[in-house]
Amino acid sequence: MKRIRILCVGKASKSFCRDGCDEYLKRLKGFYDVSVVELGEQPTVAKESELLSARMAGKTCVLLDVGGEPVSSEELARMLYDMHIKADEVTFVIGGASGVDESVGKCAAKRISFGRVTYPHQIARLLLCEQLYRAATIINRLPYHK
């Protein structure tokens, strides 16, 4: 089974974010071996970025970045499908509340954006989980995505 890993800084401490993520992750398990790796918040962006970069090394990674390439749900599904042809695991990376430095971007195979607005990192995680589930249903031609 193909794997999806979500690598992020901080915990989903807001109950609505945690509950929403849990629901979409549960749904995703029917399609992928999915896991979430939470790194503790650090005193500086540089330290958080160092920890992220170390975990990204040698992996196929996609960074969520407000300055990244805007993607539609269909484009995300195609990207995920194509990346899984080349690699068994795709890692999606979400920085902390203050973002990431350029070292993280250099480790990513791709940078994507869910729009030009800035989301709190917990909401970005919820959006990612929903969009990954939506991508799985698009790939498998299921009716969730209309």
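Here is a short chat between two people about the pockets and salt bridges of a predicted model.

Colleague: Let's start with the largest pocket. Which element gives the most residues to its lining?

Modeller: Three elements, β3 (60-70), β5 (110-113) and α5 (121-139), each supply at least two residues of that lining. Among the residues closest to the pocket's centre are Leu-64, Asp-65 and Val-66. The top contributor, with 4 residues, is β3.

Colleague: And how many of the residues lining the largest pocket are charged?

Modeller: The pocket has a volume of about 430 Å³, and 21 residues line it. Of these, 12 are nonpolar and 8 are polar. The charged count is 1.

Colleague: What about the second largest pocket: how many charged residues line that one?

Modeller: This pocket's volume is about 170 Å³. Its lining is made of Glu-74, Ala-77, Arg-78, Tyr-81, Ile-138, Ile-139 and Arg-141. Sorted by class, 4 are nonpolar and no polar ones turn up, while the charged residues number 3.

Colleague: Which element has the largest share of the lining of the second largest pocket?

Modeller: Two elements give two or more residues here, α5 and α3 (73-86). The largest share is 4 residues, and it comes from α3.

Colleague: On to salt bridges. How far apart in sequence are the parts that Lys-2 and Asp-88 tie together?

Modeller: The side chains of Lys-2 and Asp-88 meet in a salt bridge, 3.0 Å from N to O. Lys-2 sits in the segment before β1 (3-9), while Asp-88 belongs to the loop between α3 and β4 (89-94), so the bridge joins parts separated in sequence by 86 residues.

Colleague: Lys-11 pairs with Glu-38, right? Is Lys-11 buried or exposed?

Modeller: Those two side chains do form a salt bridge, at 3.4 Å from N to O. Lys-11 is in the loop between β1 and α1 (15-28), and its partner Glu-38 is in strand β2 (residues 33-39). Glu-38, at 34% relative accessibility, counts as partly exposed. Lys-11 has a relative accessible area of 59%, and over 50% means it is exposed.

Colleague: Then there's Arg-134 and Glu-130. Is Glu-130 buried or exposed?

Modeller: Arg-134 and Glu-130 form a salt bridge with their closest N and O atoms 2.9 Å apart, and both lie in helix α5, about one turn from each other. Arg-134 has 18% relative accessibility and counts as buried. Glu-130 comes in at 12%, and the cut-off is under 20%, so Glu-130 is buried.

Colleague: Last one: which residues are linked in a network of salt bridges?

Modeller: Side chains of opposite charge can pair when their charged atoms come close. A search of the whole structure finds 13 salt bridges. The residues linked in a network are Arg-3, Arg-5 and Glu-89.

Definitions and conventions
Residues are numbered from 1 along each chain as its sequence is written. This is a predicted model: local features need pLDDT of at least 70, side-chain atom pairs count only at pLDDT 80 or more; totals for chains, interfaces and linings use all residues. Side-chain values use heavy atoms; hydrogens and water are left out. On a 1 Å grid over the protein atoms alone, a cavity is a set of points where a 1.4 Å probe fits but cannot get out, and a pocket is an open set with protein on both sides within 12 Å along at least five of seven lines; lining residues have an atom within 4 Å of a point. Grid points are joined across faces, edges and corners, and a volume is the space filled by probe spheres set on the points. Ala, Val, Leu, Ile, Met, Phe, Trp, Tyr, Cys and Pro count as nonpolar, Asp, Glu, Lys and Arg as charged, and the others, Gly among them, as polar. A salt bridge is a side-chain nitrogen of Lys or Arg within 4 Å of a carboxyl oxygen of Asp or Glu. Buried means under 20% relative accessible area, exposed over 50%, partly exposed in between (1.4 Å probe, protein chains only).
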